[in-house]
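Student: I am new to this structure and would like to go through it step by step. Could you take my questions in turn and show how each answer is reached?

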Amino acid sequence: NPSPELCRINEDQKVALDLDPYVKKLLNARRRVVLVNNILQNAQERLRRLNHSVAKETVRRRAMLEAGGY
C-alpha cells in the first residue's frame, strides 16, 4: 500500500502516475536488504563467538606451554 504522501503526490500530478509498480519494487528491495542484513548479523555473531573461542584456546595453550617450560 502506498503511503499517504505518495498518494497525495500522485493526486497532485497533472498526468496520472501509477506508483504501484515502484512501491512494489521498493518493498521488494527493502525485503532483500533486511534479509541480507540478517545474514550479515548472524555471520558476525558466529565470528564473534569463534574469535572468543580462539582467544580462550590461545590463553589455555600459552598457560600449558609456560607450565611445561618451567
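Student: Which residues are linked with Glu-45 in a network of salt bridges?

Tutor: This is a predicted model, and in it Glu-45 forms a salt bridge with Arg-49, the closest N and O atoms being 3.6 Å apart. That distance qualifies because a salt bridge needs a side-chain nitrogen of Lys or Arg within 4 Å of a carboxyl oxygen of Asp or Glu. The network takes in a further arginine, and the residues linked with Glu-45 are therefore Arg-48 and Arg-49.

Student: How many residues apart are Glu-45 and Arg-49, and in which helix do they lie?

Tutor: Both residues belong to a helix that spans residues 20-69. Their spacing along the chain corresponds to about one turn of that helix. Glu-45 and Arg-49 are four residues apart, and the helix is α2.

Student: Does Glu-45 count as buried, partly exposed or exposed, and what of Arg-49?

Tutor: The class follows from relative accessible area, where buried means under 20% and exposed means over 50%. Glu-45 has 31% relative accessibility, while Arg-49 has 44%. Because both values fall between the two cut-offs, each of these residues counts as partly exposed.

Student: Which residues does Glu-57 meet in salt bridges?

Tutor: The side chain of Glu-57 meets one arginine at 2.7 Å, N to O, and another at 2.8 Å. The partner at 2.7 Å lies three residues from Glu-57 in helix α2, and the partner at 2.8 Å lies four residues from it in that helix; each spacing is about one turn. In the order of these distances, the partners are Arg-60 and Arg-61.

Student: Among Glu-57, Arg-60 and Arg-61, which counts as exposed?

Tutor: Glu-57, at 28% relative accessibility, counts as partly exposed, and Arg-60, with a relative accessible area of 43%, is also partly exposed. The remaining residue has a value of 53%, which lies above the 50% cut-off for exposed. The exposed residue is therefore Arg-61.

Student: How many salt bridges does a search of the whole structure find?

Tutor: In general, side chains of opposite charge can pair when their charged atoms come close. This protein chain carries 14 positive and 8 negative side chains, and the centres of the two sets lie 10 Å apart. Among the pairs that meet are Glu-45 with Arg-49 and Glu-57 with Arg-60, and the search of the whole structure gives a total of four.

Student: What radius of gyration does the protein chain have, set against a compact globule of 70 residues?

Tutor: The C-alpha atoms fill a box of roughly 85 × 15 × 15 Å along the principal axes, and the chain has two helices and zero strands. Of its 70 residues, 3% count as buried. A compact globule of 70 residues would have a radius of gyration near 11 Å, but the value for this chain is 27 Å.

Student: Which feature does UniProt place at residues 26-60, and how far apart are the end C-alpha atoms of that stretch?

Tutor: The annotation comes from an unreviewed UniProt entry, which names the feature "coiled-coil region". In the model, residues 26-60 are 100% helix and 0% strand. The end C-alpha atoms of this stretch are separated by 51 Å.

Technical notes. Residues are numbered from 1 along each chain as its sequence is written. This is a predicted model: local features need pLDDT of at least 70, side-chain atom pairs count only at pLDDT 80 or more; totals for chains, interfaces and linings use all residues. Side-chain values use heavy atoms; hydrogens and water are left out. Buried means under 20% relative accessible area, exposed over 50%, partly exposed in between (1.4 Å probe, protein chains only). The radius of gyration is taken over C-alpha atoms; the globule rule is 2.2 Å times the number of residues to the power 0.38. Lys and Arg count as positive and Asp and Glu as negative; His and the chain ends are not counted. The place of a charge is taken as NZ of Lys, CZ of Arg, CG of Asp or CD of Glu. UniProt positions are given in the numbering used here, feature names are shortened, and annotations may be inferred rather than shown by experiment.
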